[in-house]
Amino acid sequence: MIDILNPDYLLFMIPVAAVVAVAFALYFYRDIFSKDTGTADMQKISNAIREGAMAYLARQYKTIGIISVILAAILGIAGAFGVFDAVAPAGISPKWTIALAFLIGAGFSILSGYIGMYISVNANIRTASAARRSLGEAFKCSFRGGAISGIAVATLSLLGVFTLVVLFNAFFDGLMMPTLETIIGYAFGASFAALFAQLGGGIYTKAADVGADLVGKVEAGIPEDDPRNPAVIADLVGDNVGDCAGRGADIFESTAAEIIGAMVIGLAAFKILGDIGFATDEAWYFMPLVLIAFGLIASLVGIFIVRMKDDNTDIYRTLNLGYYVTAILIVISLAFVTWHMLPEDQWYFFFGCGLIGIGLGIAIIYITQYYTAGSWRPVKQIAKASETGPATNVIEGIAMGMETTVMPVVAIVMAIIGTFTLGTLAAPTGAEFEYGLYGTAIGTIAMLASSAFILAEDTFGPITDNAGGIAEMSNQPKEVRDRTDKLDSAGNTTKALTKGYAMGSAALAAFLLFAAYFEIVAIKSGSTLSAVFHVDIADPLIFAGALVGGMLVFFFAALAIRAVGTAAGAMIEEVRRQFRENPGIMEGTAEPSYSQCVDIATRGALKAMVLPALLPIVVPVSFGIIYRFAFPEIAPMAVGALIMVGTIVGILMANFLNNGGGAWDNAKKYIEEGNHGGKGSSAHAAAVVGDTIGDPFKDTAGPSIHVLVKLLSTICLVTAVLFIA
């Protein structure tokens, strides 16, 4: 049984960190909700955004809930027939426990999205009102609103995994192997719900955004967030359902899945050490949980010190300072935890692995800033290409998106090689492979330790975007809109950074999740991890699995992008219809029907999200079962090839879509600042076209793909027993 109070394992730090985090969140909540909600006009717009967002969320979660219950029932029936009995070598059958873990994971993922949404739709109006007084007050309100979401989601993820580990360990009489294999169902449920939330929210937000931009800005020539645009409320609602609800569920599942994967690798190291005669203890598989707990406390400190002294303070520098403080505290914590929990002749190797992971996080942030912020070559180059029309803007944007894959991949490759090599240097003879993988696992967890701060930056983005829309639609003075524009510009960059961070952590975790899958295969086939972790794609039958994995990413992206195009087309027709049939809208004498556009975006998103979200479940499981009966000797390896190549292609595709789309967006904003002719110029019209192409890239397909690649691994972890003859 797990001894929570044992000082050797530091597990008591998990509830301590959770209590401190909740106290911080409640303090920020009280601070924000004590602020005023502005004028009656501001409140009217804010209420429309909140009602539309919550109505969409209720309909989306109903769909996710129905499908989750069906999948849980299938897992429960499989358990009742003994499919998962192999996970309990001592004769204890898990039966329904994997289904229960799946439902809890999906439920917590949904709750994470709800928290992000609720905070955003209440902080936006307070930020807009604060902007009437000062930029510093508006910044404080918006960032602390984002912080509540980040703290709540990170705490929920950590506590969820920890609680299930303790409960299921008691259920399995102290056996860690069936405990960890059972809570893989938790990671599966979290990834499954997150993919639906991210994909559905992304389709909604970009359908509304594209429709609002193409008819409002280009055809009608009215400003962004103009109250005469019928799609403007749907657009503002979309910022919340995509970037708050979707990303909240996304970061939750990232943390949960990778903690569990790291614990599985820790268990493999623990087992191999026992097999070769070395004394071991449970620190190997508890350390990922402890590191995340210390990272949560470090993030709280970083969040708390972020503040603006006056309106001239550089927002980026302020946010970066908070992140650097967080990173420094995580380094100190990492040194203490590895020194305390690992053998004295090995801890410093794994401390080095953690440093590499933290370094990768910082590198990814700077790379993303370089390609998506308006201060450097990529964005300026796309903006200049806009002078010669939409075609050259699109050509340059696609080329730049492809270029953006280079530096992140170089950084990720260096991190994988570095962490794996350091891990092997610490290993006794016979355990090099497991130690190397554990080194990569520690690097991944160290990078994820700052997830609360990163999610705070992400939710800060849609809060400021909504605040700007509320300010403009309620006809606030120019100085108020200038303040919200400055916050919105910073928020666009922080949203892009979060996507890059999430993709970087997913890439570093790739081998961790591969190894977790093969560890399950090894357990069920009675072998060792190093013996089964071989995928020979020179074998045509295994190469076929690799091709299927690569194809799956492209097909998924195609469905996601097409869904935005279809829903945006319906949105465009509705906006044109209202302008055509009610001329008073443009004259300002009649109010457009916002609810029609909200309903179009909602129906389009809910209808289109189901098929692509089911692909990463249906395809690998069907492929693995077919191979089990057709080619039983190589079925697990062929599924491994599908996961690996799907992950590789997914990493490249997500970087291309996220960074390319972000560069397109900020090229448009760079022109709107007065460059290359400014607003209303031909270059601006071309940039709007590029931006609308980049919208489904960066906010729909791109962020969903990195959830996809982790869902591929977690579904195969849960169903691995089906692929072994």
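Is Arg 577 buried, partly exposed or exposed, and what is its relative accessible area? In this predicted model, Arg 577 comes out as partly exposed, with a relative accessible area of 27%. The side chain of Arg 577 meets that of Glu 574 in a salt bridge, with N and O 2.7 Å apart, and Glu 574, at 10% relative accessibility, counts as buried. Both residues belong to helix α18, residues 540–581, where they sit three residues apart, about one turn of the helix.

Let me turn to another pair, Lys 698 and Asp 665, whose side chains form a salt bridge at 3.5 Å, N to O. Lys 698 is in helix α23, residues 682–719, and Asp 665 is in helix α22, so this salt bridge ties together parts that lie 33 residues apart in sequence. Lys 698 is buried, with a relative accessible area of 8%, and Asp 665 likewise counts as buried, at 8%. Through shared partners, salt bridges join these two into one network, whose members include Lys 206, Lys 668 and Asp 691.

Helix α22 also brings me to helix α12, residues 406–425, because α22 is among the elements that cover the buried residues of α12, along with α9, α13 and α15. Those buried residues include Pro 408, Ala 411, Ile 412 and Gly 423. The buried set covers an arc of only 135 degrees around the axis, which puts its residues on the same side of α12, whereas Met 414, Ile 417 and Leu 425, on the other side, are exposed.

Finally, in helix α15, 25 of the 31 residues are buried, so this helix is largely enclosed by the rest of the structure.

Note on methods:
Residues are numbered from 1 along each chain as its sequence is written. This is a predicted model: local features need pLDDT of at least 70, side-chain atom pairs count only at pLDDT 80 or more; totals for chains, interfaces and linings use all residues. Side-chain values use heavy atoms; hydrogens and water are left out. Buried means under 20% relative accessible area, exposed over 50%, partly exposed in between (1.4 Å probe, protein chains only). Helices (H or I, at least four residues) and strands (E, at least two) are DSSP runs, numbered from the N terminus. The arc is that of the directions from the helix axis to the C-beta atoms. Contact means heavy atoms within 4.5 Å. A salt bridge is a side-chain nitrogen of Lys or Arg within 4 Å of a carboxyl oxygen of Asp or Glu.
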